[in-house]
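Please load the model in your viewer and keep the selection panel at hand. The stops below are meant to be taken in order.

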Amino acid sequence: MSFQLPDLPYNFDALEPHIDSKTMQIHHGKHHAGYTSKLNSAIEGTNLNGKTIEAILKGLDMSNSALRNNGGGYFNHCLFWEIMGPNCGGSPTGRLSAAINDAFGSYDDFKSSFSSAAGTRFGSGWAWLCTDAQGNLEVCSTANQDNPLMPGECRKTPILGLDVWEHAYYLNYQNRRPDYISAFFEVINWDKVSEKYDKAII
Ligand code: MN
């Protein structure tokens, strides 16, 4: 069994003007496609063949850089496409909204904590909203294609992630990462994030 590049759940231009069509095409068709094929090469002929990506990442040997970079890149982008959408943005509702208020004080406080994690990540990486199995939320950030499923400091289930590699925003925003981070909040699909939150809790 090999991993497949998932289709985007919307058109390449669906997130405009916040994320432009050309960036989406290159990001999905070149970057994510590259991680997918290199992940498949990294697991070929090993006992990881047939395991889910989540199981592979949770049990990852962090010294296996091909698997760490490409397995992380595969999972992270799958999640990233899913948690965005056209006609989205706004703020979460229901159980997730209550958990955000518990953990951060308010939605605005969450937004500022997440934006700060994304803005202060030096070089390439990701900002995350994660939950433990009891539903306690945390914001964290990881370098390169690492994520909170992997052995490391956070070790929770990511339910929202923002790619802050330059390839994610440079065509449209150049060095203006803070503008890209603000724009991201206009395309978050909170229904999908809520669904992931509910699934992650025991
Ligand atoms: Mn990326």
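The tour goes from the metal site to a helix and then to the cysteines.

Bear in mind throughout that this is a predicted model. Begin by selecting the manganese ion together with its protein donors, which are His27 (NE2), His77 (NE2), Asp163 (OD) and His167 (NE2), lying 1.9 to 2.1 Å from the ion. Along the chain, these donors follow the spacing H-x49-H-x85-D-x3-H. Within that set, His27 belongs to helix α1 (residues 21–43) and His77 to helix α3 (residues 65–82), so that the pair, 50 residues apart, links distant parts of the chain. If you colour by accessibility, His27 counts as buried because its relative accessibility is 1%, and His77 likewise counts as buried, at 0%.

Next, select α3 on its own, where 13 of the 18 residues are buried, leaving the helix mostly covered. At 1.5 Å a residue its 18 residues should span 26 Å, and a distance drawn between its end C-alpha atoms agrees, at 26 Å.

Finally, select the cysteines: how many disulfides does a search of the whole structure find? The search finds zero. Two stops illustrate this result. At Cys88, which is partly exposed with a relative accessible area of 28%, the closest cysteine sulfur is that of Cys78, 18 Å away and therefore too far for a bond. At Cys140, which is buried with a relative accessible area of 11%, the closest cysteine sulfur is in Cys154, and because a disulfide requires sulfur atoms within 2.5 Å, the separation of 3.1 Å is too far for a bond.

Conventions:
Residues are numbered from 1 along each chain as its sequence is written. This is a predicted model: local features need pLDDT of at least 70, side-chain atom pairs count only at pLDDT 80 or more; totals for chains, interfaces and linings use all residues. Side-chain values use heavy atoms; hydrogens and water are left out. Donors are N, O and S atoms within 2.8 Å of the metal (3.2 Å for Na, K and Ca); water is not among the atoms, so sites may look incomplete. Helices (H or I, at least four residues) and strands (E, at least two) are DSSP runs, numbered from the N terminus. Buried means under 20% relative accessible area, exposed over 50%, partly exposed in between (1.4 Å probe, protein chains only). The expected span of a helix is 1.5 Å times one less than its number of residues.
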